[in-house]
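Biologist: I would like a close look at one part of this structure. Please explain, in terms that a first-year student can follow, what surrounds the part you choose.

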Amino acid sequence: QLHVVESGGGFVQTGASLSLTCTATGDLDELLATAWHRQRPGHPRELIARLTSGGLGTYEGSAGSRAAISANDARNTVHLYMHSLQPEDTAVYYCDYEMRAGAVGIDHYWGQGTQVTVST
């Protein structure tokens, strides 16, 4: 079992940058990837950035184009950096650890989310 916790959210001004941290506690031997998602009010959860255990990073959407994902060597700490925040970036930001489950399965371990509010 993996325990995942996000931190670093809060209130930021338009145009500012954001730095979030995700910490995982538990066995990471079956880690496939870590990812950051967000859920804006009235919208489905969306992927921002994903980092494979091999170090390949991919980004999606307008948030992804302003983001950078990184992790320490142990992969138990993952960071998300975003710049040029706008009010539409207001959302709950979630960290996701993708773990291999058996021969073909994948388990997702989510944190509780951290609220980011961008003020005008």
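Modeller: The account below follows strand 9 and then turns to the strands and loops beside the core.

The model is a predicted one, in which local features need pLDDT of at least 70, side-chain atom pairs count only at pLDDT 80 or more, and totals for chains, interfaces and linings use all residues. Residues are numbered from 1 along each chain as its sequence is written, and side-chain values use heavy atoms, with hydrogens and water left out.

Strands, like helices, are DSSP runs numbered from the N terminus (helices are H or I with at least four residues, strands are E with at least two). Strand 9 covers residues 91-101 and holds Tyr-94, while Trp-110 belongs to strand 10, residues 105-110. Rings of Phe, Tyr and Trp (its six-membered ring) pair if their centres lie within 6.5 Å; planes under 30 degrees apart count as stacked, over 60 as edge-to-face and the rest as tilted. By this rule there is one aromatic pair. Its members are Tyr-94 and Trp-110, whose ring centres are 6.4 Å apart and whose planes stand at 85°, so the pair is edge-to-face. Because the two rings lie in strand 9 and strand 10, the pair ties together parts that are 16 residues apart in sequence.

Burial is judged by relative accessible area (buried is under 20%, exposed over 50%, partly exposed in between, with a 1.4 Å probe and protein chains only). Tyr-94 has 13% relative accessibility and therefore counts as buried, whereas Trp-110, at 35%, counts as partly exposed.

A charge also sits over these rings, which requires NZ of Lys or CZ of Arg within 6 Å of the ring centre and within 35 degrees of the ring normal. Arg-45 lies over the face of Tyr-94, at 3.7 Å from the ring centre, and over the face of Trp-110, at 4.5 Å from the ring centre.

Strand 9 also holds Cys-95, which a disulfide joins to Cys-22 with an S to S distance of 2.1 Å. A disulfide is defined here as a pair of cysteine sulfur atoms within 2.5 Å, and the structure holds one. The link has -85° about the S-S bond and is left-handed. Cys-22 lies in strand 3 and Cys-95 in strand 9, so this pair ties together parts that are 73 residues apart in sequence. Both cysteines are buried.

A nonpolar core is a set of buried Ala, Val, Leu, Ile, Met, Phe, Trp, Tyr and Cys residues joined through side-chain atoms within 4.5 Å. In the largest such core, which has 28 residues, Leu-80, Tyr-93 and Tyr-97 touch the most other members. Among the elements that give two or more residues to this core are strand 3 (18-25), strand 7 (67-71) and strand 8 (77-82). Strand 9 gives the most, with five residues.

Two strands pair if DSSP finds at least two bridges between them. Strand 3 and strand 8 run antiparallel and are joined by six bridges, with Thr-21 opposite His-79 in strand 8. Strand 7 and strand 8 also run antiparallel, joined by five bridges, and Ala-67 stands opposite Met-82 in strand 8. The hairpin of strand 7 and strand 8 has five residues between the strands, and there Arg-75 takes a positive phi near 65°. At 17% relative accessibility, Arg-75 counts as buried. In the loop between strand 8 and strand 9 is Ser-84, whose phi is also positive, near 55°. Most residues other than glycine have a negative phi. Ser-84 has 33% relative accessibility and so counts as partly exposed.
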